[in-house]
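Thank you all for making time this morning. I would like to walk you through one structure, starting from a single side chain and working outwards.

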Amino acid sequence: MTGRPPTDGTDARLLSGLGQPLLLVLTGTGLLHTTVRSDVYLRYVKEGLRPYLIASGVLLVALGLAGLGAELVRRLRQLPDDCTNERDDQDHGHDQDHGHGHDHRHGHGGSTHVAWLLAVPALTLMFVAPPALGSYTASRDGAAARVEHSAYKDPLPDAPIAPLALEEFIGRSVNGPETLRGHKVRLLGFVSAGKDPDSWYLNRLKLSCCAADARTLRVEVHGAEAPDDDSWVEVTGVWRGDHVAAENPVPTMEVDAVKPVGQPPNPYHDVPPTDG
């Protein structure tokens, strides 16, 4: 026996002290990456929550760095004590005590390794961000989102084609159908399969707070072949004039033009399509 303390468990002790603050730094960095360096956060929450996400990311990074600093100071102060304890153990031959210490540290290392799994969501946000919700969510949602009973009695602009937000088109079909008759409109949304081969749906998802509470705005489209699911398109056509139930508003539209477009930066912000 050389009396040299065992090296097993050194890595576990290192991780046990640094794991929590490093996880805080990673999580905070992930939040800042999705809100400051990109618009990825718009796939999960409403735009108005951006300041709160930035503040949370800064706070988590600050707490993590403070924890790393405190742990570094603690280790520097502990070095002299560790050297003294090592000499005492060698003098008294406490090899068995070293064995118990090793077992104890190993146990902490196992739990720390499990805790490191919490870093996966943070790394996912930075490198493999999931896409925005799309046709799968729209198809599985039961009733369509109800529209506000707004003042949809005002006539549409006197123009050959009126660009409308999907919610306004649906709202007019329920609360002001006379304003749509005889008017050609243009709508923007993503595609999902219809209830039969001759129709498909143009959708937008409406958030109250975050993607978890998304509700579907949808229009049933006829007169054109269905594009691929989840593709974003602008459709131009007219309201068919069918009755639209207020409790499950899904108006039907006869289209004469379908134009593929890119996904908007904020896929949950329902606005009228714009030229270019």
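Is Glu167 buried or exposed? Before I answer, please keep in mind that this is a predicted model. Glu167 has a relative accessible area of 19%, and it counts as buried because the limit for that class is under 20%.

Its charged partner is Lys206, and the two side chains meet in a salt bridge with an N to O distance of 2.9 Å. Since Lys206 belongs to strand S3 and Glu167 to helix H6, the pair ties together parts that lie 39 residues apart in sequence. Lys206, for its part, is partly exposed, at 27% relative accessible area.

Let me stay with helix H6, which spans residues 166-175 and has eight of its 10 residues buried, so that the helix is largely enclosed by the rest of the structure. The buried residues include Leu166, Phe169, Ile170 and Arg172, and the buried set packs against strands S2, S3, S4 and S5. Ser173, also in H6, is buried at 4%, and beyond its sequence neighbours up to four places away it touches Leu180, Trp239, Val244 and Pro251.

On the strand side, Leu187 in S2 has 0% relative accessibility and therefore counts as buried. Leaving aside neighbours within four places in sequence, its contacts include Leu166 and Phe169, as well as Leu202, Val219 and Glu234. With Glu234 the C-alpha to C-alpha distance is 5.5 Å, although the two residues are 47 apart in sequence.

Turning to charges more broadly, a search of the whole structure finds nine salt bridges. One of them joins Asp270 and Arg204, whose closest N and O atoms are 3.8 Å apart. Asp270 is in the segment after strand S6 and Arg204 in strand S3, so this pair links parts 66 residues apart in sequence. Both partners are buried, Asp270 at 17% and Arg204 at 1%. A further network of salt bridges with shared partners is formed by Glu71, Arg74 and Arg75. Within that network, Glu71 and Arg74 come to 2.6 Å between their closest N and O atoms, and, being three residues apart in helix H2, they are separated by about one helical turn.

Finally, what makes up the nonpolar surface patch of about 300 Å²? The patch is made by Leu72, Leu76 and Leu79, of which Leu76 lies in helix H2 and, at 52% relative accessibility, counts as exposed.

Methods: Residues are numbered from 1 along each chain as its sequence is written. This is a predicted model: local features need pLDDT of at least 70, side-chain atom pairs count only at pLDDT 80 or more; totals for chains, interfaces and linings use all residues. Side-chain values use heavy atoms; hydrogens and water are left out. Buried means under 20% relative accessible area, exposed over 50%, partly exposed in between (1.4 Å probe, protein chains only). Helices (H or I, at least four residues) and strands (E, at least two) are DSSP runs, numbered from the N terminus. Contact means heavy atoms within 4.5 Å. Patches are made of residues with over 30% relative accessible area and no salt bridge: like charges are joined within 9 Å, nonpolar side chains (Val, Leu, Ile, Met, Phe, Trp, Tyr) within 5 Å. Accessible areas come from the Shrake-Rupley method with a 1.4 Å probe; for residues, only the protein chains shown count as cover. A salt bridge is a side-chain nitrogen of Lys or Arg within 4 Å of a carboxyl oxygen of Asp or Glu.
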